[in-house]
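Q: I want to learn how to read a fold from its coordinates. Where do we begin?

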Amino acid sequence: MVNVLAIDDEPLALLQLQKMIEQTPFFTLVGACSNAFDAMRVIQEQKVDAIFADINMPDLSGIDFVRTLTTHPIVVFTTAYSQYAIEGYKVNAVDYLLKPFGMPEFQRAAAKVKQQYDLMHRPDSTDVSDEVGEDASANADECGRIEDDFLFVKADYRLVRISLSDIRYMEAQSEYVRIYMVGGQVLMFLFSIKRMAEILPADRFVRIHRSFLVNMAQVVEIARLRVKMDADTYLPIGDSYKDEVMAYLNNRTVGR
């Protein structure tokens, strides 16, 4: 069962969301909160696997709330404003529901949550460490180094062919890796970011932080120990990786 938390500042919308969660066989409702601060307390006190959160809330928006979390539940945003959809995907939401929505729309989003939950809780991933998992290491050993300009990623029970040039950056998330693509697509798969750094071309991909591996061709700017990927995305350069980043830049920098 997936433990789900509902968050919405509108009482009727929260009641509707609560009922839909309770009517979903594979969901267990662990809380229904009218603001992000109450939701924080629930997450601190209980195991929460997924949250359905309204975006446009006073004091702290649903997106800002998700950004504050140190744990990483599966997220579905609800909103009356379609322009928030892109913002929602920037914080890795698996789906968003445009208000007013009915049970069919909710069930489609719920199915995505269940699929992601099952992927993250497969039996063969239970003994995987934060940095290098047994399955991830075994798969990586078989991969060797990537010689072509593409790779296949096993995500959501399918093999996805992606071009290396379309990768913006990768983020480690426990025993998983998220790939952020040109165009906004995000893929998540069971693997080690350490091994990804080892098999990807070192003249194109640089590990800048314990959690981030960057396609340098997609970098806009580097300043103050931060890598700018676009107007809204800044990635930190970790202390342990400064020398590696500088070594890459030394032969590619002109001017004083």
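A: Begin with contacts: two residues are in contact when heavy atoms lie within 4.5 Å. In this protein chain, take the contacts with a separation of 6 or more: residues 24 or more positions apart account for 55% of them. Keep in mind that the model is predicted.

Q: How many helices and strands does the protein chain have?
A: Eight helices and 15 strands.

Q: What share of the residues counts as buried?
A: Burial here means under 20% relative accessible area. Of the 256 residues in the protein chain, 47% meet that. The chain exposes about 13500 Å², and carbon and sulfur atoms supply 49% of that area.

Q: Which residues have the most contacts inside the largest nonpolar core?
A: The general idea comes first. In soluble globular proteins, nonpolar side chains tend to be buried together. Here the largest nonpolar core has 21 residues. Leu5, Ile7, Val48, Ile51, Phe65 and Phe77 have the most contacts inside it.

Q: Which elements give two or more residues to this core?
A: The strands are β1 (2–7), β2 (27–33), β3 (50–54) and β4 (74–79). The helices are α2 (36–45) and α3 (62–68). The biggest contributor is α2, with four residues. Another core, of 20 residues, lies apart from this one. Val177, Ile179, Met181 and Ile199 are among its members.

Q: With which residues is Ile7 in contact, leaving aside its neighbours within four places in sequence?
A: Skipping those neighbours shows what the fold brings together. For Ile7 the list includes Leu14, Leu17, Cys33, Phe52, Met57 and Phe65. Asn35 and Asp54 are also in contact with Ile7.

Q: How do I read the cover on a strand? Which residues of β4 lie on each side?
A: Check each side in turn. Ile74, Val76 and Thr78 are on one side of β4, and Val75, Phe77 and Thr79 are on the other. Both faces are covered. Six of the six residues in β4 are buried.

Q: In which sense do β3 and β4 pair, parallel or antiparallel?
A: Parallel, over five bridges. Phe52 stands opposite Val76 in β4. The chain goes from β3 through α3 to β4, a right-handed β-α-β crossover.

Q: How many bridges join β4 to strand β5?
A: Four, and β4 and β5 (residues 95–98) run parallel. Val76 has Asp95 as its bridge partner in β5.

Q: Which strand has antiparallel pairing with β8?
A: That is β12: strand β8 (residues 167–173) pairs with β12 over three antiparallel bridges. Follow one bridge: Met170 is partnered by Leu213 in β12.

Q: What joins β11 to β12?
A: A hairpin, through two residues. Strand β11 (residues 205–209) runs antiparallel to β12, with four bridges between them. One of the partnerships is Val206 with Val214 in β12. Both faces of strand β12 (residues 212–215) are covered. Phe212 and Val214 are buried on one side, Leu213 and Asn215 on the other.

Q: Now charged residues. Is Asp8 buried or exposed?
A: Read the position, then the accessible area, then the contacts. Asp8 sits in the loop between β1 and α1 (11–22). Its relative accessible area is 1%, so Asp8 is buried. Beyond its neighbours within four places in sequence, Asp8 is in contact with residues including Ser34, Asp54, Thr78 and Lys99. Asp8 and Ala32 are 24 residues apart in sequence, yet 8.0 Å apart in space, C-alpha to C-alpha.

Q: Where is Asp49, and why does Asp49 count as buried?
A: Asp49 is in the loop between α2 and β3. Asp49 counts as buried because its relative accessibility is 9%, and the cut-off is under 20%. Leaving aside neighbours within four places in sequence, Asp49 is in contact with Met1, Val2, Asn3, Pro73, Ile74 and Tyr117.

Q: How many aromatic pairs does a search of the whole structure find?
A: Eight. One is Phe150 with Phe152. The centres are 6.0 Å apart and the planes 90° apart, so the pair is edge-to-face, as planes over 60 degrees apart count that way. Phe150 counts as partly exposed because its relative accessibility is 28%. Elsewhere, ring pairs link Phe26, Phe27, Phe52 and Phe106 into a cluster.

Terms used: Residues are numbered from 1 along each chain as its sequence is written. This is a predicted model: local features need pLDDT of at least 70, side-chain atom pairs count only at pLDDT 80 or more; totals for chains, interfaces and linings use all residues. Side-chain values use heavy atoms; hydrogens and water are left out. A nonpolar core is a set of buried Ala, Val, Leu, Ile, Met, Phe, Trp, Tyr and Cys residues joined through side-chain atoms within 4.5 Å. Buried means under 20% relative accessible area, exposed over 50%, partly exposed in between (1.4 Å probe, protein chains only). Two strands pair if DSSP finds at least two bridges between them. A crossover is right-handed if, with the strands pointing away from the viewer, the path from the first strand over the helix to the second runs clockwise. Accessible areas come from the Shrake-Rupley method with a 1.4 Å probe; for residues, only the protein chains shown count as cover. Rings of Phe, Tyr and Trp (its six-membered ring) pair if their centres lie within 6.5 Å; planes under 30 degrees apart count as stacked, over 60 as edge-to-face and the rest as tilted.
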